[in-house]
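Hi everyone, thanks for making time this morning. I'd like to walk you through one structure, from the outside in, and then stop at a few residues along the way. Let me put it on the screen.

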Amino acid sequence: MRAVDIIIKKRDRLELSREEIEFFVQGFTRGDIPDYQAAAWAMAVLLNGMTPRETTDLTLAMAHSGAMLDLSDVVERAVDKHSSGGVGDKTTLVVLPVAAACGLPVGKMSGRGLGFSGGTLDKMESIPGYRCDLTTEEFKRQLKEVGLVLTGQSLDLAPADGKLYALRDVTGTVQSIPLIASSIMSKKIAAGAQAIVLDVKVGLGAFMQTLDEARTLATLMVDIGRLAGRETVALLSDMNQPLGRAVGNALEVREAIETLRGGGPADFGEHCLHVAAHLLVLGRRAADLESARRAAEAALASGAAFEKFRALVGAQGGDVSYVDEPEKLPRARLVEVVEAERSGYIFQVHARLFGEAAALLGGGRAKKGDPIDHAVGLMVHVKVGDYVERGRPLYAIHANDAARLEEARRHLQEAIGQSEAPVAPLPLFYE
Ligand code: URA
């Protein structure tokens with residue numbers, strides 16, 4: 001077999017066999033197939049697509065490109081959750097402690113932010129000392145002892161995805177449904193999950209811009225999960241406007257802590273309860289969604305979920321005093337409030353522009369490995385459907401540099417749309 005023939009076959013819109021896909025993935029992982037051939041192949045996949053069968057074979061080939069984590073000696077049922085990426089999405093920081101407080105151990109490997117979308121690891125590293133590089137042994141021990149782990153993707157799991165994702169990022173081939181589905185599901189399968197909740201974001205601040213695209217991606221991932229013997233549920237959730245109010249690492253951690261203490265923005269709390277309820281049902285800790293939801297609410301109200309978050313931070317070397325006193329978390333020097341220039345109903349709070357503004361302020365990275373500023377970001381005070389009087393605050397820019405603040409302000413000029421006619425609020429979930 002030759003890599004070039006596999007590229008040509010995909011270029012000519014033909015279906016690749018399992019053997020061809022395995023050959024390509026294994027050769028690329030070993031370094032026998034160079035980046036330029038993998039890039040050409042990824043572009044052919046982006047342009048010509050893959051059948052569900054090809055996508056499943058690609059997922060399994062990538063999942064098996066490295067070690068496969070087996071958690072059966074640690075937990076009864078290994079569950080996982082994954083968000084397809086968004087703005088202000090700090091859901092994991094609340095959902096995992098809630099699930100753990102309800103007796104469902106969760107060990108999760110998360111990623112870093114890139115471009116406009118935030119990353120859970122960057123958020124957690126706002127807490128001094130917090131480690132995201134646990135070894136497999138540490139991961140398993142903590143999962144057993146604390147019931148909660150939140151760390152980085154181990155390098156030996158699905159290495160093919162690590163390599164391919166880095167290449168896609170610089171070759172304009174991220175936005176491909178089969179490539180996204182196989183990237184996400186290969187990591188989940190390699191990480192040992194028996195049951196998976198997928199939070200597929202749709203809208204202006206998501207990879208999937210339309211409900212149709214998001215549904216296609218979600219259905220494909222659920223099918224892949226089923227074929228791989230993993231129970232999988234996908235939720236389609238709104239990402240036209242940021243989730244909650246905070247966009248930016250430390251600001252989001254503060255909001256998550258507020259939520260774990262029973263406060264926080266209503267939309268974010270509701271979103272977390274819904275995702276947590278699905279996780280509890282898949283994890284066999286609740287018979288149905290209603291009882292799962294009640295358990296999740298009780299875990300928040302009693303402070304048990306907050307205590308789990310404290311235990312997580314402590315176990316991973318983080319300074320727990322920052323959880324107890326979140327005002328100690330990094331703060332930006334400059335805070336500028338942007339006010340409404342007229343009265344009216346909000347019809348748009350453009351999630352992607354807010355995500356990009358957070359990155360411009362230094363809170364995100366343009367390319368892998370860039371350093372980030374944990375303190376900066378935005379606090380967005382309005383939601384689609386709100387009525388706002390002239391002079392009321394729309395959002396606040398938290399910056400550490402006057403020039404960047406100016407850049408973010410300019411970037412956000414069109415981010416908020418107001419109209420005279422009433423506007424319906426956006427749903428949290430579509431399906
Ligand atoms: N998240 C992933 O893990 N992979 C993708 O391709 C896109 C989002």
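Let's begin with the surface. The protein has an accessible surface of about 17,200 Å², and carbon and sulfur atoms account for 52% of that. Please keep in mind that this is a predicted model.

Now the overall build. There are 17 helices and 12 strands in the protein. The radius of gyration is 21 Å, close to the 22 Å from the globule rule for 431 residues, so the protein is as compact as a globular protein of that length. If you draw a box along the principal axes, the C-alpha atoms fill roughly 65 × 45 × 40 Å. As for the inside, 56% of the 431 residues count as buried. And how are the contacts spread along the sequence? Taking contacts between residues at least 6 apart, 78% of them join residues at least 24 apart.

On to the ligand. Which residues surround it? They are Y165, R168, I180, S183, I184, K187 and F207. By type, that shell divides into 4 nonpolar residues, 1 polar and 2 charged.

Let me go through the polar side chains there. For R168, an N or O atom of the side chain is 2.9 Å from an oxygen atom of the ligand. S183 places a polar side-chain atom 2.6 Å from a ligand nitrogen. K187 also has a polar side-chain atom by the ligand, 2.5 Å from an oxygen atom. How much of the ligand does the protein bury? Taken alone, the ligand exposes 240 Å², and the protein buries 91% of that. Two elements, α8 (159-169) and α9 (177-190), are the ones that give two or more residues to the shell. Of the elements, α9 gives the most, with 4 residues.

Staying with α8 for a moment, have a look at the loop that leads into it. A158 is found in the loop between β3 (148-152) and α8. This residue is not a glycine, yet A158 has a positive phi of about 45°. Is A158 buried or exposed? With a relative accessible area of 2%, A158 is buried.

There is another positive phi to point out. R284, again a residue other than glycine, has a phi near 60°. You will find R284 in the loop between α12 (266-282) and α13 (289-301).

While we have α12 in view, let's look at D267, which sits in that helix. D267 has a relative accessible area of 16%, and the cut-off for buried is under 20%, so D267 counts as buried. Beyond residues up to four places away in sequence, D267 touches P242, L243, G244, K383 and L428. For a sense of distance, the C-alpha atoms of D267 and R342 are separated by 25 Å, with their positions 75 residues apart along the chain.

Next, E255, in helix α11 (residues 249-260). This is a charged residue, and its relative accessibility of 2% makes E255 buried. What does the side chain of E255 make a polar contact with? The partner is the side chain of K90, at 2.7 Å. Setting aside residues up to four places away in sequence, E255 touches K90, L243, G244, R245, A246, P265 and M379. You may recognise L243 and G244, since D267 touches them too.

Now a strand residue. A195 lies in β4 (residues 195-202), and with 0% relative accessibility A195 counts as buried. Its contacts, leaving aside neighbours within four places in sequence, are R77, A78, V79, D80, E231 and L282. A195 and L143 are 52 residues apart along the chain, and their C-alpha atoms are 16 Å apart.

My last stop is a glycine. G113 is in the loop between β2 (106-110) and α6 (120-124). At 7% relative accessibility, G113 counts as buried. With neighbours within four places in sequence left aside, G113 is in contact with G118, G119, D122 and R365. From G113 to E15 the C-alpha distance is 33 Å, and the two are 98 residues apart in sequence.

If you take one picture away, let it be the ligand, with 91% of its 240 Å² buried by the protein and α9 giving the most residues to the shell around it. Thanks for listening, and I'm happy to go back to any of these spots.

Notes:
Residues are numbered from 1 along each chain as its sequence is written. This is a predicted model: local features need pLDDT of at least 70, side-chain atom pairs count only at pLDDT 80 or more; totals for chains, interfaces and linings use all residues. Side-chain values use heavy atoms; hydrogens and water are left out. A residue is near a molecule or strand if one of its heavy atoms lies within 4 Å of it. A polar contact is a pair of N or O atoms within 3.5 Å; within protein, one must be able to donate a hydrogen and the other to accept it, and residues adjacent in sequence count only if both atoms are side-chain atoms. Accessible areas come from the Shrake-Rupley method with a 1.4 Å probe; for residues, only the protein chains shown count as cover. The radius of gyration is taken over C-alpha atoms; the globule rule is 2.2 Å times the number of residues to the power 0.38. Buried means under 20% relative accessible area, exposed over 50%, partly exposed in between (1.4 Å probe, protein chains only). Contact means heavy atoms within 4.5 Å.
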